[in-house]
Amino acid sequence: MAATTGDPGLSKLQFAPFSSALDVGFWHELTQKLNKYRLDEAPKDIKGYYYNGDSAGLPARLTLEFSAFDMSAPTPARCCPAIGTLYNTNTLEFFKTADKKLLLEQAANEIWESIKSGAALENPVLLNEFLLLTFAVNNGLLVARRLVRFPGSAQCTSRTIQALECTYDNLCQTEGVTALPYFLIKYDENTVLVSLNATVISSKITTGVYDPCNLAQYPGWSLRNFLVLAAHRWSSSFQSVEVLCFHDRTLQGVRDVVHSIIFEVKLPEMAFSPDCPKAVGWEKNQKGGMGPRMVNLSECMDPKRLAESSVDLNLKLMCWRLVPTLDLDKVVSVKCLLLGAGTLGCSVARTLMGWGVIVDNAKISYSNPVRQPLYEFEDCLGGGKPKALAAADWLQKIFPGVNAMGFNMSIPMPGHPVNFSSVTLEQARKDVEQLEQLIENHDVIFLLIDTRESRWLPAIIATSKRKPVINAALGFDTFVVMRHGLKKPKQQGAGDLCPNHLAASADLLDSSAFANIPGYKLGCYFCNDVVAPRDSTRDRTLDQQCTVSRPGLAMIAGALAVELMVSVLQHPEGGYAIARSSEDRMNEPPTSLGLVPHQIRGFLSRFDNVIPVSLAFDKCTACSSKVSHFALEGLVFKSEISHSALSYFVIVSLSHKYFLAVEYFWVTFYLI
């Protein structure tokens, strides 16, 4: 409130305002709290503190740090608490247009009610309330505007103080605190008595204020509201009140309170007035004007952590408003193995940007950078860098938070002979062991390799280990993206796809209508084959050996492959989710992200997609129960001479009795 006096001999009392000191830890904790608050703009309780022992020249600071959101957190030693309210806005427009006058009046009324009710006498901390109005953007730039509201004004003279330190310390010890915001004093030349209640008052009031201001001629802002309380409670009995601005400074290990100031304040006549005084107190910005204060935290943050925070926030915004049931933990924590670092592999990796491992043995050629977004021209020089390693490096450059590793290795393929030297065979064995280990250590397997036969061995291993597989393949203007059926564990038995069990076969016939097919009955990439996988590049021209596709096709298929994986992860049954077809598009989706199809087949020539469903084939060369059964025993490699040609055998053995042979010259499968 503004006080007026008719006595020209008295000077108007002025107060040194608080300067907000918002620690970096406070902003970090606010970003963590946003996970809980989401887009809720309701006011939140926070807690700050101020200190009265700063060196001369420092402003009176109201500090908020990482513990501000814990209302039960202890106040730092020899500091006084201040209780506040946080209003965090979601948009810059709302931050600018927020009714600051109304917020100020509401806050002042709360303080005024505590003064009128006497609550402020019982708990003086209620006099030191503040508001914090904020808007934060995800690039590390934070905008804050703080309100401290303490209405009041007074007049003063100065006196000296003595013999206060011991009595103040004794009162703090009695109350179990290290600092008191306000206290009452009765003193004479020989003694000083300090109390929190009015029993020491006789014909004169002397009040002590824990003053954060270290100026010799002005008290701090915390005195304002106490003077309003004094005027409301005591102005009918006293015309003035003596004020001690208590400064408790420690320099070089020596405590000093003699620089405290004492003066007398004439109280305005407002005894038990029902009207709330006019409130002031919005903090000015760095230019001294009435505007927001800007805090750029990007300079004090690790750029990598800043990038991670920004990416994380984009996902959280999707969850907070658009898809509240989205389980981000399942998406963020999944480990993906990308087999292939070509056009499809780059598109999937660029979309995924998650936890990943990339496997490929090719090198970057001059035609790659224009189609494969993880490479550039310099990667082609000197014979070309290994694709998998270069792709992992580029993912790290795009987003340092990604955990990406590249492996340059070959995948043994049916129909592709190898040199039968001990070195070559040993390398092939190591490649398969490494492939098995990689598949074992990851949650989702992406098959993104060029040829059909190169997908065969990973498909067998993933099926035997019951790992979800996402497969993507390209034609010139067509593509297929699909998830492989996920076999049930043995202990579940009833639904296992084994042709030797009549119950399982009957179960398949019941699903022949291609409706409501559960995930464990879905086919894999090889289930519709009428021939076994073999060398698809043999006797082919260059254009037939290469994947010649319309340039945008890989990005479409890659994005759909990632989105299919996310939809599977969000379904309560995961890889066992019932496959939805085109006929289900008008029905209620099973997840917050929509349908979980088996396949997406795209036709760019007519800009159309279909989502068919196909059953698993009980004699499939990759996912049938017999092949999976053999694969559980491990892979054994042999070489033999057949029909005067080198034949490369991949043998999956069980007690050396059953075998699956893949010949190079006549590609034949024996399922015994």
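**Exercise 1. Find which residues of H9 and H15 meet, then describe how the two helices pack.**

*Solution.* Start with the contact itself. On the H9 side, Thr343, Leu344, Ser347, Val348, Thr351 and Leu352 take part, and they meet Ala554, Met555, Ala557, Gly558, Ala559, Ala561, Val562 and Met565 of H15. Before going further, please keep in mind that this is a predicted model.

Next, sort those residues by character. The contact of H9 with H15 comprises 10 nonpolar and 4 polar residues, with no charged ones.

Now turn to the geometry. Two packed helices are described by the angle between their axes and the distance between the axes. For H9 (residues 343-352) and H15 (residues 553-570), the angle is about 50° and the axes are 8 Å apart. Angles from 35 to 65 degrees fall outside the parallel and perpendicular classes and count as oblique, so H9 is oblique to H15.

Last comes the handedness: the crossing of H9 and H15 is right-handed.

**Exercise 2. Work out the packing of H11 against H12, and say which residues make the contact.**

*Solution.* Begin with the angle and the distance. H11 covers residues 422-440 and H12 covers residues 456-464; they pack at about 45°, and their axes lie 10 Å apart. That angle makes H11 oblique to H12.

Then check the sense of the crossing, which is right-handed for H11 and H12.

Now list the partners. H11 contributes Val432, Leu435, Glu436 and Ile439, while H12 contributes Leu457, Pro458, Ile461 and Ala462. By character, this contact of H11 with H12 has 7 nonpolar residues, no polar ones and 1 charged.

**Exercise 3. How many salt bridges does a search of the whole structure find? Take three of them and describe the surroundings of each partner.**

*Solution.* The search finds 6 salt bridges. As background, side chains of opposite charge can pair when their charged atoms come close. The cut-off here is a nitrogen-to-oxygen distance within 4 Å.

Step one: glutamate 113 and lysine 116. Their side chains form a salt bridge with an N to O distance of 3.3 Å. Both residues sit in helix H3 (residues 100-117), 3 residues apart, which is about one turn of the helix. Glutamate 113 is partly exposed at 44% relative accessible area, and lysine 116 is partly exposed at 31%.

Step two: aspartate 379 and lysine 385. This salt bridge has an N to O distance of 3.2 Å. Buried means under 20% relative accessible area, so aspartate 379, at 2%, counts as buried. Lysine 385, on the other hand, is partly exposed at 43% relative accessibility.

Step three: lysine 619 and aspartate 618. In this salt bridge the closest N and O atoms are 3.9 Å apart. Lysine 619 has a relative accessibility of 49% and counts as partly exposed; aspartate 618 is also partly exposed, with a relative accessible area of 28%.

**Exercise 4. Where do arginine 78 and arginine 466 lie, and what is the sign of phi in each?**

*Solution.* Take arginine 78 to begin with. This residue is in the loop between strand S3 (61-64) and strand S4 (79-89). Its phi is positive, about 60°, although arginine 78 is not a glycine. At 26% relative accessibility, arginine 78 is partly exposed.

Now do the same for arginine 466, which is placed in the loop between H12 and strand S19 (469-474). Phi of arginine 466 is positive too, near 55°, and this residue is likewise not a glycine. Arginine 466 is partly exposed, at 28% relative accessibility.

**Exercise 5. Locate serine 333, then find what separation its C-alpha atom has from that of aspartate 443.**

*Solution.* Serine 333 belongs to helix H8 (residues 328-333). With 47% relative accessibility, serine 333 counts as partly exposed. Serine 333 and aspartate 443 are 110 residues apart along the chain, yet 9.4 Å separates their C-alpha atoms.

**Exercise 6. Step back to the whole chain: how many helices and strands does it have, and what share of its residues is buried?**

*Solution.* Count the elements: the protein chain has 16 helices and 24 strands. Then look at burial, where 49% of the 672 residues count as buried. Finish with the contacts: among those with a separation of 6 or more in the protein chain, 69% come from residues 24 or more positions apart.

Definitions and conventions: Residues are numbered from 1 along each chain as its sequence is written. This is a predicted model: local features need pLDDT of at least 70, side-chain atom pairs count only at pLDDT 80 or more; totals for chains, interfaces and linings use all residues. Side-chain values use heavy atoms; hydrogens and water are left out. Axes are lines fitted to C-alpha atoms, for helices over the stretch in contact, and angles run from 0 to 180 degrees between N-to-C directions. Helices (H or I, at least four residues) and strands (E, at least two) are DSSP runs, numbered from the N terminus. Angles under 35 degrees count as roughly parallel, over 145 as roughly antiparallel, 65 to 115 as roughly perpendicular and the rest as oblique. A crossing is left-handed if the near helix is turned anticlockwise from the far one by less than a right angle, and right-handed if clockwise. Contact means heavy atoms within 4.5 Å. Ala, Val, Leu, Ile, Met, Phe, Trp, Tyr, Cys and Pro count as nonpolar, Asp, Glu, Lys and Arg as charged, and the others, Gly among them, as polar. Buried means under 20% relative accessible area, exposed over 50%, partly exposed in between (1.4 Å probe, protein chains only).
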